[in-house]
Amino acid sequence: MGLGFDFRQELFGPWPVAQGYLVEQFDRLYATLQAFQVLLTPIVPALWRVLDTSGPYTTASGAFAQIPNASITLTTNARSVLITFTGTVKHDTLSGAIDIDLLIDGVSQTLSNGLVSGWRWEAAKAATKGIVTIAYQSATLLAGAHTFTVAWRVNMGTGTLTAGAGDPPYIFSVQELGA
């Protein structure tokens, strides 16, 4: 070395001793990390999505009924979830309405007319298509398996969810949110 001394020796003593010390410290650190491996494993939020093209589906029910295939069971880690639903709907009657409801473990997340009485699509003209898009964040759920369902009803006549047969699919997803 140009300065006449070895920095390694100044800092650590003779290099083989310092090298042994560093290996020993690394081994201790590695053993500690192995002991806490469970804590170091990242928790990846759960996500599930249904993309359904096997419709169209119809309902004439005045009571909420599950949309076909719109049910997801997901195991969560005591966090809230983001639930989304997008679909193309139409009603056969002028001013006919389609209400959408979300259920978690069979419990409605809404007031009596769909979420906040606001997830209602009304036909301005019979058979006119409209797009319904819903995003809903739940309260924190208990850790464990939960079932998420989308239900619908009509106020009169027949409502249609036009998934497939030349129309876009409906998309239903549930994603666990971070801490």
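Of the contacts in the protein with a separation of 6 or more, 83% are between residues 24 or more positions apart. The coordinates belong to a predicted model. Three helices and eleven strands make up its list of elements, and their order along the sequence is α-α-α-β-β-β-β-β-β-β-β-β-β-β. Of the 179 residues, 35% count as buried. The protein exposes about 10400 Å², and 60% of this area comes from carbon and sulfur atoms.

Confidence comes next. The average pLDDT of the protein is 76, with 66% of the residues scoring at least 70. The mean is highest in strand 2, at 94, and lowest in helix 3 (residues 37–40), at 46. Over residues 38–43 pLDDT stays under 50, and for this stretch the model has three contacts beyond four places in sequence. Where pLDDT is low, predicted coordinates should not be read in detail.

The largest nonpolar core holds 27 residues. Those that touch the most other members are Ile83, Phe85, Phe148, Tyr170 and Phe172. Two or more residues each are given to this core by strand 3 (65–76), strand 4 (81–91), strand 5 (97–104), strand 8 (129–137), strand 9 (144–154) and strand 11 (170–176). Ile83 shows how such a residue is surrounded: leaving aside neighbours within four places in sequence, Ile83 is in contact with Leu102, Ile104, Ile134, Ala135, Tyr136, Phe148, Phe172, Ser173 and Val174. Phe148 and Phe172 appear among these partners, and both are also listed with Ile83 among the core residues that touch the most other members.

Strand 9 also contains Thr149. Is Thr149 buried or exposed? Its relative accessible area is 13%, below the 20% limit, so Thr149 counts as buried. Not counting residues up to four places away in sequence, Thr149 touches Gln66, Ala70, Ser71, Asp101, Leu102, Leu103 and Phe172. Leu102 and Phe172 are thus partners of Thr149, and they are partners of Ile83 as well.

A second threonine, Thr59, is found in strand 2 (residues 57–59), the element with the highest confidence. Thr59 is buried because its relative accessible area is 8%, again under 20%. Beyond four places in sequence, the contacts of Thr59 are with Trp152, Val154, Gly157, Thr158 and Gly159. Closer along the chain, a polar atom of the Thr59 side chain lies 3.1 Å from the backbone nitrogen of Ser61.

Terms used
Residues numbered from 1 in each chain as written. Predicted model: local features only at pLDDT ≥ 70, side-chain atom pairs only at ≥ 80, totals over all residues. Heavy atoms only, no water. Core = buried A, V, L, I, M, F, W, Y, C linked by side-chain atoms within 4.5 Å. Buried < 20%, exposed > 50% of the residue type's maximum accessible area, 1.4 Å probe, protein only. Helix = DSSP H or I, 4+ residues; strand = E, 2+ residues; numbered from the N terminus. Contact = heavy atoms within 4.5 Å. Polar contact = N/O pair within 3.5 Å; in protein donor to acceptor, adjacent residues only side chain to side chain. pLDDT = per-residue confidence, 0-100. Areas by Shrake-Rupley, 256 points an atom, 1.4 Å probe, with all protein chains shown as cover.
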